[in-house]
Amino acid sequence: MDFTNIVFWLCLIPAMVCIFLTGRYILHHRTQAKQQFEKYALLIISLAFLGMASMLTLGIFLLVAFLAYGGVKLALKGGRNMRKLALGILIPLLLIPLLYYKYGYFIGTQVFNQEWDTLRDLIIPIGISFYTFQKISFCIDTLSRQQPLPKFLDFMNFASFFPQIVAGPIERRDSLLPQMENIRLTWKAANIDIGLRYIVLGLFFKMCMADNLASAFFQHYDGGNVWVIWMNNIIFGLRIYFDFAGYGLIAYGLARGLGVQLTMNFLSPYSATNITAFWRRWHISLTGWFRDYIYFNIGGSRTKFWAFNILLVFLISGLWHGASWNFVMWGGLSGIAMILHRCYRNLGLRMWAPLSTLLTLITMFYIWMFFYETDNHQLWDNTCHLLTFSSYNTKSLMAVVGTFPVAILTFCCFALISIVLIVMEGLSGKKTGNPYQWLISPYACGVWVILTIVFNPGVKNSFIYFSF
C-alpha cells in the first residue's frame, strides 16, 4: 500500500463510504449481521490492496496465512509435546517463501557457491518479511500459551489489516486480534480527527522531508571526499527515519480512524541519549520481536554470554533487512555499539546528556553507511577516509560546495528543519509522553500541509522498507 499514491486514497475513501452507508441505512437494525458485513468488507479491502500491489504478493500472503492457521488448528488438537513438535515444523515451513524469494540467490552464491540465475531477478513479494514474522509470533503465542484458536475471519483480518501489513508495525496476537474480533467500522468524529492529524504528519515526513533528502543525496559521487561521505550518511540517516516513521504515522492514523490502536513504531529515536535508548525507540515492533522470540530464548542478559547474544540478534536483524553482506555488517556494528554501551554503563560511568546524544547520532550516522552502500570495497574506502585525520580539510570542503551548490543548499535547509523537528519531538516526549503530540496540533498540521504542497519535489520515491 503506497500511501503517497492518489490511487490508494481514490480506492479507499469510496469503499469506506459504501461500507458506512450500508451499515447505517441497510443493516442498522441487525447488529450481528452488520458486524459480520464490516469484517468481511475489511478483509476484502485488505486483500484487494495486496492484489493491487501484485498477484504474487497476494498469493504468497494467502499461502503463508492458510499454512499458519491450518497448522495451529491441527497442533491445538494434540498435547504439549505435540504443540512443541508442531512449532518446530511450522516455523520453518512459514519461512520457506521468505527464504526463497528474499535469500535464495544470496544463499546459492554465498553458501553453496552456485550461480542460480533463476533466483537472481526474483521479485520479492511486498511485505513478506513483516507478515511472515507476524504470523510466526501468532503461532508461537497461540501454541506455547495454549490460547484459543480465533475464528478464521478474525484471524485473516488480524493477518491482513491493510494499514500495517506491508511495512509494519509487526503486531502481536494480544494487541491486534481482540480489536479485530470486536471491530466496528463506524465513523466517530474523534477517531477521524486524530487519525487525520497523524496522516498529515506522516505525509509531511515522507513527501516533504524524506523525498527532498533523497534528492540531496550524492548518488554518483565517488571522489572519496570525507565531507560528501558524512553528508550522505546524515542524509540517509534522516531520510530513512522520515520515510519509515512517515509510513508508520500514516498507518497509525488510518487505523485510528477505523477505531484500531496500532503500535507506535517510532518514538523520536534521534533524541535518544544513548545507543540502547535509540534501539528502544527505533522500529519498536521489530526490536520487540527479536527481543521476545530470540534474545530471551537464548538466555538474554542472564548468562555470561550476553554479549554474544546481543551480537547474534543484531546479525539476524541485519539479515532480516536484506540478503547482502553490507546488512550483516550493519547489524554487527549495531550490536557492537550496544555491547560497548552496556559495558560502559556496567562500569557505572555516565556522560553529559547533550554530549551522549551527539555521540549516539555520530555513531548511528556512521553505521547507516553500511545500510545504503552495497559495495564492500566502497565501504572499506569510505571507512578509511573517515578515519584519516588529514581528509578533514577546508580545501576538500570548498571543492564540494563549488561543485554541488544546489545539493549543499538542499542538505543544509532540510538538515536544519530536521533538527527543529527532532528537538520538538524530544521536548514533546518529555512534556506529554508522546513525541508527536506537539507535531499533530491543528496549527502544526496546517504548516505541514503547506510545506508539503510547496516543497514536494514531485519525484516519486517508494517507501524504503517496501524492499524488505
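Q: Is Asn 382 buried or exposed?
A: Keep in mind that we're looking at a predicted model here. Asn 382 has a relative accessibility of 6%, and the cut-off for buried is under 20%. So Asn 382 counts as buried.

Q: Which residues is Asn 382 in contact with, leaving aside its neighbours within four places in sequence?
A: Start with where it sits: Asn 382 belongs to helix α17, which covers residues 376–386. Skip the neighbours within four places in sequence, and the contacts of Asn 382 are Ile 229 and Met 369.

Q: Is Leu 355 buried, partly exposed or exposed?
A: You'll find Leu 355 in helix α15, residues 353–367. Its relative accessibility is 43%, and partly exposed lies between the 20% and 50% cut-offs. So Leu 355 counts as partly exposed.

Q: What is the area of the nonpolar surface patch that includes Leu 355?
A: Leu 355 shares this patch with Met 351, Trp 352, Leu 358, Leu 359 and Ile 362. Together they make a nonpolar surface patch of about 600 Å².

Q: How many disulfides does a search of the whole structure find?
A: For a disulfide, two cysteine sulfur atoms have to be within 2.5 Å. Take Cys 208: the nearest cysteine sulfur belongs to Cys 413 and is 11 Å away. For Cys 413, the nearest cysteine sulfur is that of Cys 412, 6.9 Å away. Searching the whole structure, the number of disulfides is zero.

Q: Is Cys 208 buried or exposed?
A: Its relative accessible area is 2%, and buried means under 20%. That makes Cys 208 buried.

How values were computed:
Residues are numbered from 1 along each chain as its sequence is written. This is a predicted model: local features need pLDDT of at least 70, side-chain atom pairs count only at pLDDT 80 or more; totals for chains, interfaces and linings use all residues. Side-chain values use heavy atoms; hydrogens and water are left out. Helices (H or I, at least four residues) and strands (E, at least two) are DSSP runs, numbered from the N terminus. Buried means under 20% relative accessible area, exposed over 50%, partly exposed in between (1.4 Å probe, protein chains only). Contact means heavy atoms within 4.5 Å. Patches are made of residues with over 30% relative accessible area and no salt bridge: like charges are joined within 9 Å, nonpolar side chains (Val, Leu, Ile, Met, Phe, Trp, Tyr) within 5 Å. Accessible areas come from the Shrake-Rupley method with a 1.4 Å probe; for residues, only the protein chains shown count as cover. A salt bridge is a side-chain nitrogen of Lys or Arg within 4 Å of a carboxyl oxygen of Asp or Glu.
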